[in-house]
Amino acid sequence: MEQKPNLIEKQITMSIPCTFSTGPYMGRFLREIRENKRFVANKCPQCGRTMLPPRIVCALCNVEAGEWVELSDRGTLISFDVVSIPTINPMTGKMREVPYATGNVLLDGGDATLWHFLEEKDPSRIRVGMRVQAVFREEGRTGAITDILHFRTIEK
Amino acid sequence: MNERVAIVAWAQTAYEACKPHQRVQEMVYEVVKKVREQTGLKFSEDGTGIDNAITASDDIWDARTISDTPVGDVVGAHHRSEEKVGQDGAQAVFYACAGILSGHYDVTLVVAHCKESQPASRNLITNLTFDPFFQRSLGLDYLSAAALQARAYMDRYGISPEQCARVVAKSYNNARGNPLILRARELSVDEVIRSPLIADPIRELDAYPVTDGACALILAREEKAKKITDKPVWIDGMGNAYDAYFLGDRDLWDCQSLKLAASKAYRMAGIKDARKEIDVAEVSAFYSYQELLWTEGLGFCPPGEGGKLLDSGATKISGQIPVNPSGGVLVGSPTIVAGMARVIEAAIQVRGEGGSRQVSKVRTALAHGTSGPCGQLHTVLILKG
Amino acid sequence: MEETWCYQVSGKLEIPYRYFAGEFLSRFFVELRDHKKILGVRCPTCAVVFFPPRSICGRCLSPLGEWVELGDTGTLQSFTVVRYSEPTHPLQAPFVLGLIKLDGADTGMLHLIGEAELSALRAGLRLRAVFKEKREGEILDILYFRPEPVAKEAGR
């Protein structure tokens, strides 16, 4: 007879569909990507730092940051990691495919970084200080951060 | 430490079904900006400004773990002190008071936020509270749990659906004096009774509606409070208590943890007869029967007589013990925000700023919040002018 | 900041979980699965028999280990007719959830009430558990509780 387990386990998937509001700051950032394939950041009127993604106040100065600047789609890689051990994507409930690489890119024209996927997944071919450029989805951009596919290496 | 703690400023967003044009950080900034403008205070740990922030929010409601991180920037938490209370906002106020009364902080910003419109259904979230082995797969959520309590309470004491409907009608009509409640309107008992049953005996209008909103207040220790405003609202009593986790462990027709929380708050504030000494109460009733049950737990009437108290007119704005002149939670006050909005509405009453919802001659007000199913955790605060 | 930049995005929280009943609680589910037995646990200090079973008494903090066999009959304490639908529901609405005090237990258990006319539901109703044929070691090994006739009534 089949041995039934004596230690009981229950599997439950938390599954909650949500509707998220972008608000005007994230909304502008994402719309510029969707419609114009370009990056914009907002700037603190007091300390002058640029913020990515854009947000309502400068955390250092606690003032509203209403000035906008355009940034390049090219930048310098500040840090990166290559993930080999998969984890679950909480938006799909499925394991992510590995390996994948992500990095913080300091976009030209500002002092803020954007974190995204890197096209290059071999850690021996990635280095801090490397120049990278955003690759946008040509068709079917929806105003999501995944309208950017990844950053590709433009200079090693 | 013998100094008292006071609320020195507050702000609330309008409470509406959905705020599609704001993320939580923008919703919270709207109210933080107002309290900073009211007081002129900066964020500063050198004794001249706001030196701590307490935020109330929930990970699952926000679909964001460590749900206070998005609002960190707007509450001055960058390189400063902030802590999250994952409970009803009245509990966040309690916790913030403790930080000041213990001498750790001088001036604390307290905020609460929730966008109930964000998840497809509130019931999907509240189902997660329950035990995965014994309750969750039966589909229990806060609405069906409340219905179990409503039935037990109404059966035991002969509370009628009409009495519950009268609570709703009173709430909506009171809310017409509250410009922040966008749903306020004339509402008849008849319309409540004719609304469809959703979980017997609870009808659609007996249940609090899906709402987005946020609120903020600033607390200060006595010496600072007197410098910031000439109308501080003192928090002179507070208490909280938890009830059992499994619904079947409790006598659902009773609210033991509320009685315990209230008695602690009353003792601290020196209140001996709540019915006589409290001039107005803002209580968190998420379902109409709860307003009746909580008035019993707070000692405004003997056990089982919540319906009788309502029928006597005592809980009207012009009555002896007005309950929810703001309209309370039933007209729209999101979970987590609800209890803190009650604290603010009670403070408004103490300062005499209630406009057409103002109760006459308020010196002592009670604010109440609750978390968990069927009023599991209760927090009671006593405010004085 | 213009509101025209705002828009809304559909998203999801989808996270699988594995809950382990542990050695203590597994005993309950194994007895239910293998022998159609419903067990409670007794606190000797408080002289209370708890259902559902738990390993610590919440009132006096004593560790608990005295298992008590409960009947499969009980009394309805409270109930509700759920008339709305959620993916978390075990049945299509309308369905009945009830709190049932099993004979031998001092605290109520949550379960479904089946085979009952809605108009016949009232506190005090006597009920009997209906078990699944093929049981897995989980609370829905009991399909529901159905009204148990107390005495034969003449003329019906």
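Start by selecting Cys43(C) and then look straight across: Val48(C), in strand 3 of chain C, stands opposite Cys43(C). What you have open is a predicted model, so keep that in mind along the way.

Now widen the selection to strand 2 of chain C, residues 38-43, together with strand 3 of chain C. These two pair in the antiparallel sense over 3 bridges. Add strand 4 of chain C, and you have an open sheet of 3 strands, ordered 3-2-4, with antiparallel pairing. Its edges are strand 3 (48-50) and strand 4 (66-70) of chain C, each of which pairs on one side only. Turn the view a little to follow the twist, which averages 40° from one strand to the next.

Next stop: where chain A meets chain C. Show both chains and pick out strand 1 of chain A and strand 1 of chain C (residues 8-20). They pair in the antiparallel sense over 13 bridges. For one example, click Ile16(A): its bridge partner in strand 1 of chain C is Leu13(C).

Stay here and select the whole contact. Chain A puts in 31 residues and chain C puts in 27. On the chain A side, the elements giving two or more residues are strand 1 (9-21) and helix 1 (23-36). Strand 1 of chain A supplies the largest share of that side, 13 residues. Color the chain A side by class and you'll get 14 nonpolar, 13 polar and 4 charged residues.

Time to hop over to chain B. Select helix 4 (residues 89-101) and helix 14 (residues 338-351) of chain B; their axes come within 5 Å and cross at roughly 65°. That angle makes helix 4 of chain B roughly perpendicular to helix 14 of chain B. Gly89(B), Ala90(B), Gln91(B), Ala92(B) and Val93(B) of helix 4 meet Ala338(B), Gly339(B), Met340(B), Arg342(B) and Val343(B) of helix 14. By class, that contact splits into 6 nonpolar, 3 polar and 1 charged.

For the last stop, keep chain B on screen and select helix 7 (residues 161-175) and helix 12 (residues 288-297). Here the axes come within 7 Å and cross at roughly 95°, so helix 7 and helix 12 of chain B are roughly perpendicular to each other. Show side chains for Gln163(B), Cys164(B), Ala165(B), Val167(B) and Val168(B) on helix 7, then for Ser288(B), Tyr289(B), Glu291(B) and Leu292(B) on helix 12: these residues make the contact. Sorted by class, they come to 6 nonpolar, 2 polar and 1 charged.

Conventions
Residues are numbered from 1 along each chain as its sequence is written. Chains are lettered from A and ligands numbered from 1 in the order in which they are written. This is a predicted model: local features need pLDDT of at least 70, side-chain atom pairs count only at pLDDT 80 or more; totals for chains, interfaces and linings use all residues. Axes are lines fitted to C-alpha atoms, for helices over the stretch in contact, and angles run from 0 to 180 degrees between N-to-C directions. Helices (H or I, at least four residues) and strands (E, at least two) are DSSP runs, numbered from the N terminus. Angles under 35 degrees count as roughly parallel, over 145 as roughly antiparallel, 65 to 115 as roughly perpendicular and the rest as oblique. Two residues are in contact if their C-beta atoms, placed from the backbone, lie within 7 Å. Ala, Val, Leu, Ile, Met, Phe, Trp, Tyr, Cys and Pro count as nonpolar, Asp, Glu, Lys and Arg as charged, and the others, Gly among them, as polar. Two strands pair if DSSP finds at least two bridges between them.
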